[in-house]
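Reader: Before I rely on any description of this model, I would like to see how each term is tied to a value. Could we go through them one at a time?

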Amino acid sequence: MTVTAVEKQAPASDEPVKAAKRRNPLRFAILIALLVLLLLMLAPLLVVAINAVKSPADYAGNGPLSIPGHLYWDGIVNFWNRVNFGQKLWNSFFTSLVVAVLGVLLSILNAYALGIGRVKGRIWFLVFFLVANLLPQEVLVYPLYYLSKQVGLYDSLWSIIIIFTVIQSAFGTYLLTSVYTEFPTELLDAASVDGAGKWRTLWSVVVPVSRPTLGVLFTFFFIWTWNEFFLPLVFLVSNDNQTVPVALGVLQGDRLMDATTTSASALIGILPAMLFFVIFQRTLTRGITAGAIK
Amino acid sequence: MAGKGTSRTGGYAVYLIPGVILSVAIIVVPLIMTVYTSFTKWNGVGDQKWIGFDNYTRLFEDTLFWSSFGHIFLLIIAMAVVPTLLGLVLAAVLFDYIAKTFNNRWASVFRSGFYIPQVIPVAVTGIVWGWILHPDYGALNKILDTIGLSGLAQNWLGDPNYALYSVMGVMIWFQLGYPIVMFMSGLQRVDPSLYEAADLDGASWWQRFRKITIYMIRPEFYVVLVTTTIAALKIFGQIFVLTRGGPSNSTLVPSYFAYKNFFEKAQVGYGSAISTVLTVIIIVLAFVFLRLQNRAEKAGA
């Protein structure tokens, strides 16, 4: 609201503008307003973090906002052991990694045929991949559940891996085709002059040149698969096969979950995501933009 | 372009074979099966019994179905409309004010901070908020109690009068970062001389926001609006973790309604009809948006 009041007069040269801005006390009011908003946004996560390392007695006595008297790790350790969290982390990591690799590979093959090969009916293939992108998973879930039982893949990580490889590569194909459509023809010509066939051209020219986009796709597929909830909830029913979100999600409302145990569980669900965010931050921002251009 | 080098015509179709086989198995066949099942009565085992449009007529008379779509309407406001408008203002303030009067680093720190709720798994954000809003040991009621406002404390997720509004609040928090990132990257395309010219004409910040910022990032505006609206139509994870559609169906949404019919009530035909209707709505909406966007782009050019 304070923003609307900021009138900036426009002196002819740049320097006085900057000087005027520097003197303007309003700019700090705006900065502080934004900082308060940011703090409010992050407050739930901070509250979770301080209560995850607080003893139940400390919580009962001093409430959710007090700084813990001492660091109490038992809540996290007990929860970790109770749900065998290491196993869940591995399940999530393995699924996400395999989906990211296979999803990128499948997107490359599809986009090579559609974007560079321009096979007949490419528009219809693209419309198909666009629609596949839009489909809610509810419309696929029951037949997939039924079929996976028939072929013995129900309650197996591989069911989730196969399904998400296809679902993620629908997006990947769509995005990568638009990149490959504008692939420099000279590079392809040079490769064919050198006697490279289509297969070699793909791996020695097209893939290396498009590596930045492939990196974005890999990152997205990994994080999206890590965060998926609905299909893993349906397919991964036994304890040993659950992924992190499923293991945490189904425990909600469990009578063993008191305030500090719940925050402990939330914290160990948040930490891997924050880790990926820090690692992939640059790729992510680049990628969200790439998604807009599609 | 493809016709220029003869070596690049034909022979590419083989690269589509794995993609086509997998898409048929994982997307086309299940999609057809669900649409077919929506015309049958089936409990998941044994034979499917063809009953024509019965599931659909039942659907249109089912008050739960209509109320689940009513809830989606409110969730579109919380997940698409509010974050888009708020994100637009925040992105403009960060890009055009904070980045210029302080520096770019501040702007990107804010951008990352606002985006954090988006990277946390949906189920985990559900746990965070489920705990904060818990009536007995939740942080919000304890805080209200501490500052002497215990009269305001509610059973946020357990009271049918408040549950949906609580979920809406959580969804605004969850979604806000996405439009900010999108709009800030869109603003980088804007020619700085446009802003300088506006400055010279003595335009206020608000005038520049309305005349330049909003006009220049229309493409991102459409993308954000359509993707967040579709996300609202598909919402499942937060509802499952926060309320499971309750209390007394006050937060029921179509995807959770379909899930219940599939896996709790074993009414697979009815569940299939619900998800088929949801799918048709999403696809129609997406294509209407695409057309509008194309028209807007043509008008702009």
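What follows is a conversation about a predicted model, taken one term at a time.

Reader: What makes residues of chain A and chain B count as being in contact, and how many are there on each side?

Author: The test is that C-beta atoms, placed from the backbone, lie within 7 Å, and 78 residues of chain A are in contact with 84 residues of chain B. Helix H14 of chain A, residues 259-293, gives the most to the side of chain A that touches chain B, namely 15 residues.

Reader: What is the make-up of that side of chain A by class?

Author: The side of chain A that touches chain B has 51 nonpolar, 18 polar and 9 charged residues; since Gly is counted as polar here, it falls outside the nonpolar class.

Reader: Why is the span of helix H5 of chain A called close to the expected one?

Author: Helix H5 of chain A, residues 85-116, has 32 residues, and the expected span is 1.5 Å times one less than that number. The expectation is therefore 46 Å, and the helix reaches 45 Å from its first C-alpha to its last, so the two values are close. H5(A) is followed by A:Arg118, which has a positive phi, near 45°.

Reader: How do you know which parts of chain A are transmembrane regions, and what does the model show there?

Author: The name comes from an unreviewed UniProt entry, which lists residues 28-50 and 157-181 of chain A among others, and such annotations may be inferred rather than shown by experiment. In the model, residues 28-50 of chain A are 100% helix, with end C-alpha atoms 29 Å apart, while residues 157-181 of chain A are also 100% helix, with ends 35 Å apart.

Reader: What do the annotated spans 114-132 and 162-181 of chain B look like?

Author: The unreviewed UniProt entry for chain B includes both spans as transmembrane regions. Residues 114-132 of chain B are 89% helix, with end C-alpha atoms 19 Å apart, and residues 162-181 of chain B are 90% helix, with ends 31 Å apart.

Reader: How does the radius of gyration of chain B stand against that of a compact globule?

Author: For 301 residues the globule rule gives a value near 19 Å, but chain B has 24 Å, so chain B does not match the compact globule. The C-alpha trace of chain B spans about 80 × 75 × 30 Å along its principal axes.

Reader: What makes a residue of chain B buried, and what share of the chain is buried?

Author: A residue is called buried if 20 or more other C-beta atoms lie within 10 Å of its own, and buried residues make up 45% of chain B.

Note on methods
Residues numbered from 1 in each chain as written. Chains lettered and ligands numbered in written order. Predicted model: local features only at pLDDT ≥ 70, side-chain atom pairs only at ≥ 80, totals over all residues. Contact = placed C-beta atoms within 7 Å. Helix = DSSP H or I, 4+ residues; strand = E, 2+ residues; numbered from the N terminus. Rg over C-alpha atoms; globule rule 2.2 N^0.38 Å. Buried ≥ 20, exposed ≤ 12 C-beta atoms within 10 Å, placed from the backbone.
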